[in-house]
Amino acid sequence: MARSRSAQWYAGADRNAYIHRAWMRRGLPSHAFDGRPHIAIANTASDLTPCNNHLDDVAEHVKRGVWEAGGVPLNLPVVSLGETQVRPTAMLWRNMAAMATEEMLRANPIDGVVLLGGCDKTIPALLMAAASVDLPAVVVPGGPMLTGHFRGGPLGCGTDVWKLSEEVRAGTLTQTEFLRSESSMIRSKGHCNTMGTASTMGLLAEVLGMTLPGLAGTPAPDNRLLEGAHETGRLIVEMVAAGRRPSTILTRGSFLNAVVALAALGGSTNAVVHLLAIAGRLGVELTQDDFDRTGSGVPLLVDLQPAGRFLMDDLHRAGGLHAVLNEVRDLLDPAAITVTGRPLVDHLDDTTIHDPEVIRTRDKPLQQDAGIAVLYGNLAPDGAVIKPAAASPHLLRHRGPAVVFDSIEDLHARLDDPDLNVTADSVLILRGCGPKGYPGMPEVANLPLPPKLLAQGVRDMVRICDGRMSGTAYGTVVLHVAPEAAAHGPLAVVQTGDMIILDVPNRRLDIDIPAGELAARRPSPAMTQAFARPARGWQRLYVDTVGQADTGADLGFLVGSSGDHVPRESH
């Protein structure tokens, strides 16, 4: 049997081995250091990450499984990012959380790791870290919350916030009624119950092959999540023995499977930047265009908010992820394996759709072509993305005059002005919200609509931004415009009144002015003044080194991996 990695710390009778063992001997027996695998539980539980605050309980069940399989479990709290809490945006720290977790996994005497995440950025950060250190790793997704109800109907967290708040602004819902819904929306522990980023990344972690098959999408309060956590603890010990590392699981085929699933699920556009970043840590060839080439013709099969009607616990009772994947099985790479060592497709046998309203069959989809569309043109030389499944069909081809906002503060100051020169045909443009400009590429792209248009019954307009939008949001919104305005992209020189042409069927996003005039324009001083200019700390490092959305918005020096080897002793 090969010598375990943790034995590099614990084996032997010299002073260093003594130190490493002695400081861990707080109830551990001597045979805990006899070469059996030491398993870290990278735990993002935090009271300030409300979607993850149940993960300590999940960790206890992982520990039981590790002990049962002959390993030694070790809780390792790691950076936790609460999407609803941190300012200016959780995305600013995704790369920091990944870097810190990677370094702690490499630095410590462990042989494998169980990754506990749930809220939007936590699973992507953990997967980026695991990919870079390449120790055997498996994800336990924290799971969605149960459905809350208000006025007799279900509430989709996130999605219904946007809808109800627009009704308040339109004058069709009172502020009192709006606030009454607040305590109804978050019914239980768990992350968002819509097909937002948290649900999307939990499900895609399984499609990538990185979770116990059948576990992703299990609601957080469901005891089967704890059962799966226990079994995952057993599995990671087996993975260590087999040497089953992320680099053996996360292949190009795995990522293309995730692109297919993203379309069939109606998943979040944020998955684009996360999957690109994870692939970048492994050196797997994956580009923004793969999302269009592989996913754009995939039918939408899951009728969940924001693209549909139902919520995550409905998906679970209707047959779950495997029932969806079985409908598109012919589009999946049959060679892509999972943490079990077996191909993903082998786990799809004997699946059943229990509710064809929630999970549609391939011949009766919600939409025939529902994947992410990638747009190019003189307004987005390096691309932009749009989610047609969440857009208004009549706006997918549109020509209209720009109404430009130079910053989020400018938007807030002017959007509600009754004298704002805007019509339903206008194209709202918000810039300065990319990785460098904000900083961190926040979820502000689903701009609220002007109240005077809401009063006229308008509920969607074409909106364009170099930032992101919440996976729970909806509308005809063009996102991730690259290069961003702060990186000298053309978005920086658009002026109010310019004619903007959106043509999703032909994958175009253009501004209708001569090339010479576009090149001669200079950026708005109000916009450049609003760009982030951090003097120190993480924000300074981030702004100086972050890449653009079309490559995953990772830091340049973090792309790639360093493995798990640590050559020098600590004493």
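Where in the chain is the place of Q548? In this predicted model, select Q548 and you will find this residue in the segment after α21, the helix that spans 537–545. Q548 is buried, because its relative accessible area is 14%, under the 20% limit. Now show the residues around Q548: leaving out those up to four places away in sequence, Q548 touches K436, P483, E484, A487 and A553. Within that group, turn to E484, whose backbone nitrogen lies 2.8 Å from a polar atom of the side chain of Q548.

Next, select E83, which is found in the loop between β2 (72–77) and α4 (94–107). E83 is likewise buried, with a relative accessible area of 16%. If you set aside its neighbours within four places in sequence, the contacts of E83 are A90, C119, D120, K121, E443 and R468. Zoom in on K121, since here the side chains of E83 and K121 make a polar contact at 2.8 Å. To reach the next region, you can draw a line from the C-alpha atom of E83 to that of L282, which are separated by 26 Å and stand 199 residues apart along the chain.

Finally, select helix α12 (residues 252–265) together with helix α14 (residues 288–295), which pack at an angle of about 60° with their axes 9 Å apart. Their crossing is right-handed. To see the contact itself, display R252, L256, V259, V260, L262 and A263 on α12, and D290, F291, T294 and G295 on α14. Coloured by character, the residues of this contact divide into six nonpolar, two polar and two charged.

Note on methods. Residues numbered from 1 in each chain as written. Predicted model: local features only at pLDDT ≥ 70, side-chain atom pairs only at ≥ 80, totals over all residues. Heavy atoms only, no water. Axes fitted to C-alpha atoms, helices over the stretch in contact; angles between N-to-C directions. Helix = DSSP H or I, 4+ residues; strand = E, 2+ residues; numbered from the N terminus. Left-handed = near helix turned anticlockwise from the far one by under 90°. Contact = heavy atoms within 4.5 Å. Nonpolar A, V, L, I, M, F, W, Y, C, P; charged D, E, K, R; others polar. Buried < 20%, exposed > 50% of the residue type's maximum accessible area, 1.4 Å probe, protein only. Polar contact = N/O pair within 3.5 Å; in protein donor to acceptor, adjacent residues only side chain to side chain.
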